[in-house]
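The following exercises ask the reader to locate residues, classify their exposure and describe their contacts. Each task is followed by a worked solution.

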Amino acid sequence: MTTAAQPQTKKARTSYRALPDFFFADARPSPAKAPQWIAYNHVLAAELQLPTVLAASSNVPTPTAEALEVFSGNAVPEWSQPFSQAYAGHQFGHFNPQLGDGRAIMLCEVLNQAGELQDVQLKGAGRTTFSRSGDGRSPIGPVLREYLVSETMHQLGVPTTRALAAVATGNWVYREKAEPGAILTRVASSHIRVGTFQFAAVHGGTERVKQLADYVIQRHYPELAAAENPYLELIATVLQRQANLVAHWMSLGFIHGVMNTDNTSVYGETIDYGPCAFMDHYAAAQVYSFIDKRGRYSYVNQPIIAQWNVTRFAESLAELIRLPTEADEALLARLSVVLDSFQPTYQQLWLTKFAQKIGIHAPLASDRLLIEDLLELFETHSIDFTLGFRLLAHELSPNEHTQTTTNLFSQPELFSAWKSRWLKRVDHRSKALIERVNPAIIPRNHFIAKAINEASSSGNLAMFQALLTQLQTPFDSVHLTTELAQPPAAAEQIANTFCGT
Ligand code: AMP
Ligand code: MG
């Protein structure tokens, strides 16, 4: 393809490709038969300094035909050297030494307006060195789900990979039945996972781990380079970011679904959206993923698993951290000091976030019980998590609203004792705080399912587009009167989600 208008005319080496080729393999997207746009994210595109062929002007609804060729895998710009990353990972607790990007191909790195390097990656563009028995493809369903959920997460303020583009390939993808294929173009601060470190440790040893750790420090945490023990600090930083991420998920009722170490970003972004879901009614042990038969990745287990994943990260770095002649016990003791900080760190973040959800700016230790009692009430009476918190704002100006948390209960008395305790802890700023941190809408599972069904059965994207538009402003009160704000009726409830890979 011509690249006359490109800022880069030569091959632009990505920073990742400067690592030894132990860490990646060249890849080539497979052609798509009849590519068509599903979505293009103009706002994100404007934030990234995209090469012109991938960019679009904001006053045209779709970018150029050339961009469609690239985002569908039909053309690789001459400045791009596409590759797939190697990684390993614990999947449901079992170590797999050889995973890697089986259906993802990195196109390039770009700088965003803040000057941060971002990966641009095609997901579902065909087989790679790491595909094992997979086809490297993706049906349209997971692409639409990831697009909707990751963009909502961004609007909700959660660290996350983004969706830049989605195209239908015109190829069939064969799962339980034939489904229309699609490709998501994903943007991430990086795609380096705990599993990338595990891969380095198990196949490469300390030298490779050091190369990767130095790269991660340089790319993500340059301030650590000057620390007395940068690698120990790296563990502490990754821990802090994972604790923060999971506290944020918990505060929104988000269930990732597949918290394997290969789906755990060392930068602390939500990555690899598969059978993920937001809860409707609150249930601590909620699991949606069809493959999670034992509930390993249930809502309530997420902080425990995050700590487990960070522990696997620390193990991968252990030899790098060992002092000359240091015995195992001494090394372990030093690592334990860091790892043991996970739960207190997380608990503090949880308290801060949930206190804000109920309108408390500066929580006291005793507010933990108040929050736990509210969650218990929600669980006992199957109260919708999102609405239950959001409508607390209306309790503070009851004359203006008929929709209140009280009205979600079958009888007001069930809520009144808790409400009296809570009213002693709120002030004039609480209503605004509640409305700032609690979304009015989330991408509810039954709506996602309907949007996916419409798109995959008849190519109708109307519902997907309507959801995407509405979810741009999840905190806005205007949405409270819409269908999307309402919990599913019993018959609409989704019990299982599939990653559909
Ligand atoms: P996940 O946990 O779904 O992110 O994926 C686990 C592993 O399976 C990763 O190494 C993926 O690249 C790989 N994988 C998933 N789906 C496919 C597919 N359709 N073709 C090839 N590899 C895949
Ligand atoms: Mg994955």
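**Exercise 1.** Determine whether Arg-429 is buried, partly exposed or exposed, and identify the residue with which Arg-429 forms a salt bridge.

*Solution.* Step 1: the relative accessible area of Arg-429 is 40%, so Arg-429 is partly exposed; buried means under 20%, exposed over 50%, and partly exposed in between (1.4 Å probe, protein chains only). Step 2: the partner of Arg-429 is Asp-427, with 3.5 Å between the closest N and O atoms. A salt bridge requires a side-chain nitrogen of Lys or Arg within 4 Å of a carboxyl oxygen of Asp or Glu. Step 3: Asp-427 has 36% relative accessibility and therefore counts as partly exposed.

The model is predicted: local features need pLDDT of at least 70 and side-chain atom pairs count only at pLDDT 80 or more, while totals for chains, interfaces and linings use all residues. Residues are numbered from 1 along each chain as its sequence is written, chains are lettered from A and ligands numbered from 1 in the order in which they are written, and side-chain values use heavy atoms, leaving out hydrogens and water.

**Exercise 2.** Describe the salt bridge between Arg-193 and Asp-272.

*Solution.* Step 1: the closest N and O atoms of Arg-193 and Asp-272 are 2.8 Å apart. Step 2: this pair links distant parts of the chain, 79 residues apart, with Arg-193 in the loop between β9 (178-188) and α4 (194-203) and Asp-272 in the loop between β10 (254-255) and β11. Helices (H or I, at least four residues) and strands (E, at least two) are DSSP runs, numbered from the N terminus. Step 3: both Arg-193 and Asp-272 are buried. Step 4: the two residues belong to a salt-bridge network that also includes Asp-101, Lys-123, Glu-146 and Arg-186. Step 5: the whole structure contains 24 salt bridges.

**Exercise 3.** State how the surroundings of Asn-309 are composed.

*Solution.* Step 1: Asn-309 is situated in helix α7. Step 2: Asn-309 counts as buried because its relative accessibility is 1%. Step 3: leaving aside residues up to four places away in sequence, Asn-309 touches Val-194, Met-259, Asn-260, Thr-261 and Thr-264, where contact means heavy atoms within 4.5 Å. Step 4: the side chains of Asn-309 and Thr-264 make a polar contact at 3.1 Å. Such a contact is a pair of N or O atoms within 3.5 Å; within protein, one must be able to donate a hydrogen and the other to accept it, and residues adjacent in sequence count only if both atoms are side-chain atoms.
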